[in-house]
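Work through the exercises below with the model open. Each one has a task and a stepwise solution.

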Amino acid sequence: LTVVQAMGSIDSNITHVDALELGRSIVKLWGGEFLTLSTPAFTLDKKTRDFFLASGQIKSVWQRMKQADAALVGVGGLASSVYIERGVLNSGDVAQLRDSGAVGEICGRFFDAAGRECKTRWRDRIISVELDYLKKIPQVIGVAAGVDRVPAVLGAVRGGLIKSLLTDESLAQALLAS
């Protein structure tokens, strides 16, 4: 088993829901190796992001990701975004994302109701798996809970971004009712 981190770290405060901790936990349970992206999720600008992506260390992680048989990704909504909780986005940023048509995000990539990546200022600053590439992975398991995630999950399904969903009862019932 090789676990590959699909996006940089949100901030320096690593919690149980961050890719670094989840990857470590999976490898601890099942064995194997864990390849990290030692970068921030969002950079100051495109030039900085491109600098990170040009490094040999990041390129080697990207190459391993291209061999993925499966992916486990969180499907985030805008209202309850981890990026708001952690101070990466503010209310003005969320308003701009909504204006661009965003209904949710996967790996820091904001998408619309059809699952297409939105053209926002965040798009060129994120270090994460691209949504078009995510679609090519044979098994993509989305993880989401809570009825506020309905628009995000529906967009992810419509866009072919996820193939399976791990969820709670309230979101499952809300999805069936929609």
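The exercises concern one sheet in this predicted model.

**Exercise 1.** Find the strand order of the open sheet of 3 strands, and state how its strands pair.

*Solution.*
- Start with β3, residues 70-74. It pairs with β7 in the parallel sense, over 5 bridges.
- Go on to β8, residues 164-166. β7 and β8 run parallel and are joined by 3 bridges.
- Put the pairs together. The order is β3-β7-β8, with parallel pairing.
- Look at the edges. β3 and β8 each have a single partner strand, so one side of each lacks a neighbour in the sheet.
- Add the twist. Ignoring direction, neighbouring strands of this sheet are turned against each other by 25 degrees on average.

**Exercise 2.** Determine which residues stand opposite Ile141 of β7 in β3 and β8, then trace the chain from β7 to β8.

*Solution.*
- Check the β3 side. Leu72 stands opposite Ile141.
- Check the β8 side. Ser164 stands opposite Ile141.
- Follow the chain onward. From β7 it passes through helix α7, residues 150-158, to β8.
- Assign the hand. This β-α-β crossover is right-handed.

**Exercise 3.** Sort the side chains of β7, residues 139-143, by face, and say which are buried.

*Solution.*
- Apply the cut-off. Buried means under 20% relative accessible area.
- Take one face. Val140 and Gly142 point there and are buried.
- Take the other face. Gln139, Ile141 and Val143 point there and are not buried.
- Read the pattern. The side chains alternate along β7.
- Place Val140 in the sheet. Ala71 stands opposite Val140.

Notes: Residues numbered from 1 in each chain as written. Predicted model: local features only at pLDDT ≥ 70, side-chain atom pairs only at ≥ 80, totals over all residues. Heavy atoms only, no water. Buried < 20%, exposed > 50% of the residue type's maximum accessible area, 1.4 Å probe, protein only. Helix = DSSP H or I, 4+ residues; strand = E, 2+ residues; numbered from the N terminus. Pairing = 2+ DSSP bridges. Right-handed = clockwise from strand over helix to strand, strands pointing away. Axes fitted to C-alpha atoms, helices over the stretch in contact; angles between N-to-C directions.
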